[in-house]
Structure formats: structure tokens, C-alpha cells
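Reader: I'm new to this one and don't want the grand tour. Please pick one stretch of the chain, take me through it closely, and then show me how it sits in the whole.

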Amino acid sequence: MPGEQPSGADALYRQLRSPGYLKLLLLSGLLGVPVSLAAFGFVALEHAAQNGVWEHLPHAAGFASVPWWWPLPALLVGGVVVAWAVTRLPGRGGHLPVQGVGGEPILPSALPGVVLAALATLSAGAVLGPEAPLMALGGGLALLTVRAAHRAETPQLTAVLSTAGAAAAIATIFGSPLVAAVMLIEAVGLGGPQLFLLILPCLLSSGVGALVFTGFGHWTGLSIGALALPTVPPDQLPNAADFLWGVPLAALIACGVVALMTLGSRVGGWTAERTARRTVACALAVGACIAGYALITGRSPEEAALSGQKAMADLAADPSGWPVHVLVLLLLFKGLAWGVSLGSLRGGPVFPALFLGAAAGVACAALPGFAAAPALAAGMAAGGAAGLRLPVTAIVLTVLLIGPDAVDQMPLVIIAAVVAFVTGELLRGRLGHPPAGGGLR
């Protein structure tokens, strides 16, 4: 009929046939190559800097292992560099981690400050991951392909290319384009044909990026420390006891994660004024938490420092090697360090949330009938869902990390993620936090 609006399927068909959109897909695929190479360089440099600060320097200073007080000078230097980048360079070093893994598109002029602040934060030992700076790096590099005048004229193109670049970068560190795609489906806040028009460039860019990233890593032999669990506890089908313990554990983890992220928001408000001094003070507070854990437990401060990806691999490989009282102290000190880092330094919130959930799960594996494998899986899913506020992404990430054994754990993983997400959002609603969704945060 005259004047009748085209259906969603017709609109999608027309867009997919349009030369402009096909050019956008081609550009997105090509973007995956430079973005993945830049992401590889960033993560390799960050990994080398961490090894330098936490392995080579202590040994060069004559210590057989990292002394308990090492985080204090490391975080002091890192805090000074972050404060300088935030106050003196364009872009303020990127957005605060407590705001999530994403944010407004980063302009190319802000990339030096983002990279410097992230490298200083992550190498010094702050309890943050590399995912948010990587997304900013990918988005900023993607915008380099669009001239400034054209960005102002076509904000929708800017948003799509920035998101595609971020997808290519995030796929590298999570080890799978699937995680990037699912994260974007949940987080972008679009629906219908518009969702497909955005997600296709992101899928193509992240797929090409992951291919180049993986091949380049094998070719150079450089280590980048991607998130992975080489060994997990022996597989065991969840039973009634696992669900009886796993459901309240997921709710408890969500409460803890929300409390720590609320602390991060308060710290972020506090550092908004007198940013340089207060950023350094927060970095020292993070160092004090890490040093306090090492001093009380007599274990390495590295367990409470950094993003937790290496410690989570050690935890999954040998849960019995972590006494319950050590895990409780680790949750306390690393959790506080994460909360302060969220509101003051620069990095991503995802890896620590996964680790804290995993540590809580393994700590509770001592409960009657609660096996280590289901406890680890439930804890990771709950920590990811409450921290990311993206339950499907948390489920996919947990399943990919656990590997082939995840099939047996899938029902508990899904239930734990849903319980944690619902509990976290209800608690955030009572605290007056913004609702989940509505774009990459």
C-alpha cells in the first residue's frame, strides 16, 4: 500500500545491499589488522613491564622473591605517572574503570594519555585488567580512518567504526571473537535490524583481529598473558548440594561486587577534586592493601596485585594449595585494592571481578558436598555477571575459560550468573545506581 513503512526484514535487506554498508563491512574487516597488531603490541609491552617490575627488578635488587613491601614504591611511582597523564594529557587517561569496560569514543589525540596511564597502572600492580584500555585503543585507532570533519558530519558512522575497533581489540585479550560479539549484543542497547547492522562489522573486525593477533603471537614468540585457564579442577557433575550452596554463593558474590564498585564510585567522586594528589594517595592505598596481605599471610604480594589472571590460573590448577583463611584474606585485601583502583587509576574491571568470584567459590568449596569444579564455575560466572552487568557475556566467558568440561557445569553457571545479575541490579536500584544496559559503559 502507498505510504506503507517497510518491514524490519525489508529494511535489513536494503541496507545489506547498499554500497555504503558493504564498504563499511570491508573497512571493518581491514580495521581488524592494524587494531589487532596495536593491541598485541600494547599487551606484550604491558606483560613485559609487569615482569620487569615484579620479577626482574626484585631479583636485580638481590631479593630471592618479591618482598612484602614491594607494592608500596611500585604503586607510588605508578600513581605519579597516572596522575600526570590524567591532569596533563588530552583525554584524562581514559574513563574511570568503575564506569565499566567502555565509554564515549576516544579521539586519536587522547590515545597517548590512555596508553601511558594504563601501562603505569597495570605494570605497577593495581588490581585492574587491560580490557578497557584495549577497547579505547581499538576505538581510537578506528577513528583515525575518519577525518575530523567527517566525524562531525556522520556521528553514526563514527559510533559504528569506534565500536568495531573496540570489538577487534577486546577479542584479542578474551581469546575469542565470540566474547566480543556477545558483549556488544548485550551492551550496545540496540534492537531489531539496527543490531545486525552494527554487530556485523564488529564480528568481521574482531574475527580478522583475533586471527592476526593469534598468528602474530606464534610468529614472534612473544608472551602476552591472555586470559586462560590451562588446568581446571577435575570435572564433576553438579549435584543438589552444589546448587544449594551455589545459589546463595552467587547472591553473596553479587553483594560483595556491588559494595566494592560502590566504593569505587565514592573514590572516583573524591579524586575528582585535587586529582593529582588524591590519585597518588589512592595508588599508595592500593599498595598498602597488597602489602598488608603479603605481610599477614607470608605469601607473595603478586597474588593480591595485578589483574588476577595469573593467580586465577594457579587457583584453578591447584585449589587445595590455597587454604581457606588465605582466600578470605585475599578476598578482603584484593577486594579493597580493586575498589580503590576502580575509582582512581586506569584499566578494566573484568579480570579482577572474575578472579574474586573464583576465589570466593574455591573458598566455599570446603562446605559439605560442594565440589571444587562447580564452586569455581559458579563463582566466576557470578563475579563476571555482577561486575560486567552483562550476564550472557559472563556465561560465555566462563564457559570458554573452563573449556570442554563446561558442558557439565552449564546449568549451574547459568543459574549463578542470573542470580548474581538480578541480586546486583536490585541492590544497585536500592542504592540509586543507573540501571544496566543502554550502551557500552
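**The helix α11 and what comes after it**

Author: Right behind α11 comes G298, and its phi is positive, near 75°. (A helix here is a DSSP run of H or I with at least four residues, a strand a run of E with at least two, numbered from the N terminus.) Before we go on, this is a predicted model, with residues numbered from 1 along each chain as its sequence is written. Local features need pLDDT of at least 70 and side-chain atom pairs 80 or more, totals use all residues, and side-chain values use heavy atoms without hydrogens or water.

Now the helix itself. With 23 residues at 1.5 Å a residue, α11 should span 33 Å, and its end C-alpha atoms are indeed 33 Å apart, so the two values agree. (The expected span is 1.5 Å times one less than the number of residues.)

What leads into α11? The loop between α10 (240-271) and α11 (275-297) does, and R274 sits in it. Take a look at the backbone there: phi of R274 is near 50°, a positive value in a residue that isn't glycine. R274 counts as exposed because its relative accessibility is 62%. (Buried means under 20% relative accessible area, exposed over 50%, partly exposed in between, with a 1.4 Å probe and protein chains only.)

On the other side, the loop between α11 and α12 (309-317) holds L306. Here too a residue other than glycine has a positive phi, near 65° for L306. L306 is buried, because its relative accessible area is just 13%.

Also following the helix is a charged pair: E303 makes a salt bridge with R299, and their closest N and O atoms are 2.9 Å apart. (That means a side-chain nitrogen of Lys or Arg within 4 Å of a carboxyl oxygen of Asp or Glu.) E303 is buried, because its relative accessibility is 15%, whereas R299, at 24%, is partly exposed.

Step on into α12 and there's another such pair, K310 with D314, at 3.4 Å from N to O. Both partners belong to α12, four residues apart, or about one turn of the helix. K310 is exposed, because its relative accessibility is 56%. D314 is partly exposed, since its relative accessible area is 35%.

So how many salt bridges does the whole structure have? A search finds four. Another of them lies further along, between the side chains of E425 and R389, 2.8 Å apart from N to O. This one links distant parts of the chain, 36 residues apart: E425 is in helix α17, while R389 is in the loop between α15 (372-388) and α16. Both E425 and R389 are buried. Salt bridges with shared partners tie R389, E425 and R428 into one network. E425 itself belongs to helix α17, which runs over residues 406-431, and is buried because its relative accessible area is 17%.

Finally, step back to the whole chain. There are 17 helices in it and zero strands. Of its 441 residues, 54% are buried. Among contacts (heavy atoms within 4.5 Å) with a separation of 6 or more, 81% join residues 24 or more positions apart. L400 is one residue to look at here: this leucine of helix α16 (residues 391-402) touches S176 and V179, leaving aside residues up to four places away in sequence. L400 and L178 are 222 residues apart in sequence, yet 9.6 Å apart in space from C-alpha to C-alpha. L400 counts as partly exposed, because its relative accessible area is 40%.
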